[in-house]
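Trainee: Could you take me through one part of this model in close detail? I would like a connected account rather than a list.

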Amino acid sequence: MRKKITLKAQAYNEIKEKIIKCEYKPGANLNEDMLIEALKIGRTPIRDALSRLEQEGLIEIFSKKGIRVSPLTANNINMLFEIRLMYEPYVIRNKGNLLSPKELHDFYDAFTNKEKAEIEHYDAEYFYRLDSDFHNFIMHASSNTYMHKSYDLIQTQSERFRYMTGEMNINRINSSTKEHCDILEACLLQDWDLAAQKMIDHLNESKKATFRIYFENIEGIESYLDFTK
């Protein structure tokens with residue numbers, strides 16, 4: 001029997017989704033009354049949700065100024081990739097032998113099928129889901145729950161950047177697909193040092209692409225980012 005979602009969980013999920021998809025844009029001001037009206041949920045569940053979202057770094061709560069959606073800046077990109085470059089190569093190098101060979105093959109098939117096909121005809125969201133699923137699969141080779149929690153926060157912020165800056169161009173999707181295949185080929189050979197290096201190469205290319213897209217969109221971003229508060 002399907003478990004009924006609580007009002008606290010509903011409020012949390014709905015506000016978080018709106019922040020990730022930039023319906024509540026970075027730097028935007030929120031308040032409890034407008035959230036109560038928008039979500040048709042009472043004040044107590046809303047407050048509980050806001051407390052959780054503040055802990056996750058998605059909003060900032062000021063005692064006298066109210067609530068603000070956390071801005072996304074170039075410095076955030078640096079911090080996100082700094083953590084990813086520490087975590088993901090480490091997990092591959094030290095825990096790669098725990099990765100399921102079957103799942104490695106399944107991911108390889110998924111990426112190579114996209115690589116061979118006319119990628120323009122694919123739903124970009126499919127690629128993003130595949131990308132996220134693969135990196136989460138790698139990270140969960142580690143049983144370190146603290147690492148998982150911080151990585152989940154990173155993934156959430158990465159999604160916000162994606163929605164804020166718009167879809168990645170087709171050339172980057174093709175390049176990223178090839179980079180994933182390189183990582184997987186090394187994993188299937190059980191050459192964990194090579195796989196870790198291929199992950200580093202991939203993350204560095206992703207970082208450059210993220211910065212490029214960010215600065216190409218900077219004028220639009222600055223129109224709603226509030227850097228003065």
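Mentor: Two strands are taken to pair if DSSP finds at least two bridges between them. In this predicted model, β2 and strand β3 (residues 66-69) run antiparallel and are joined by 4 bridges, with Ile-61 standing opposite Ile-67 in β3. That pairing belongs to an open sheet of 3 strands, ordered β1-β3-β2 and antiparallel in its pairing. Because β1 (29-30) and β2 (59-62) each have a single partner strand, they stand at the edges, and one side of each is left without a neighbour in the sheet.

Turning from the strands to the helices, the axes of helix α6 (residues 124-139) and helix α7 (residues 145-165) come within 11 Å and cross at roughly 165°. An angle over 145 degrees counts as roughly antiparallel, so α6 is described in that way relative to α7, and the crossing of the two is right-handed. On the α6 side the contact is made by Glu-125, Tyr-128, Ser-132, His-135, Asn-136 and Met-139, which meet Met-147, His-148, Tyr-151, Gln-155, Arg-162 and Tyr-163 in α7; by character, the residues of this contact divide into 5 nonpolar, 5 polar and 2 charged.

His-135, one of the α6 residues in that contact, is also among the residues touched by His-180, which is found in helix α8 (residues 170-188). His-180 counts as buried because its relative accessibility is 0%, and, leaving aside neighbours within four places in sequence, His-180 is in contact with Phe-111, Asp-131, Phe-134, His-135 and His-202.

Methods
Residues numbered from 1 in each chain as written. Predicted model: local features only at pLDDT ≥ 70, side-chain atom pairs only at ≥ 80, totals over all residues. Heavy atoms only, no water. Axes fitted to C-alpha atoms, helices over the stretch in contact; angles between N-to-C directions. Parallel < 35°, antiparallel > 145°, perpendicular 65-115°, else oblique. Left-handed = near helix turned anticlockwise from the far one by under 90°. Contact = heavy atoms within 4.5 Å. Nonpolar A, V, L, I, M, F, W, Y, C, P; charged D, E, K, R; others polar. Buried < 20%, exposed > 50% of the residue type's maximum accessible area, 1.4 Å probe, protein only.
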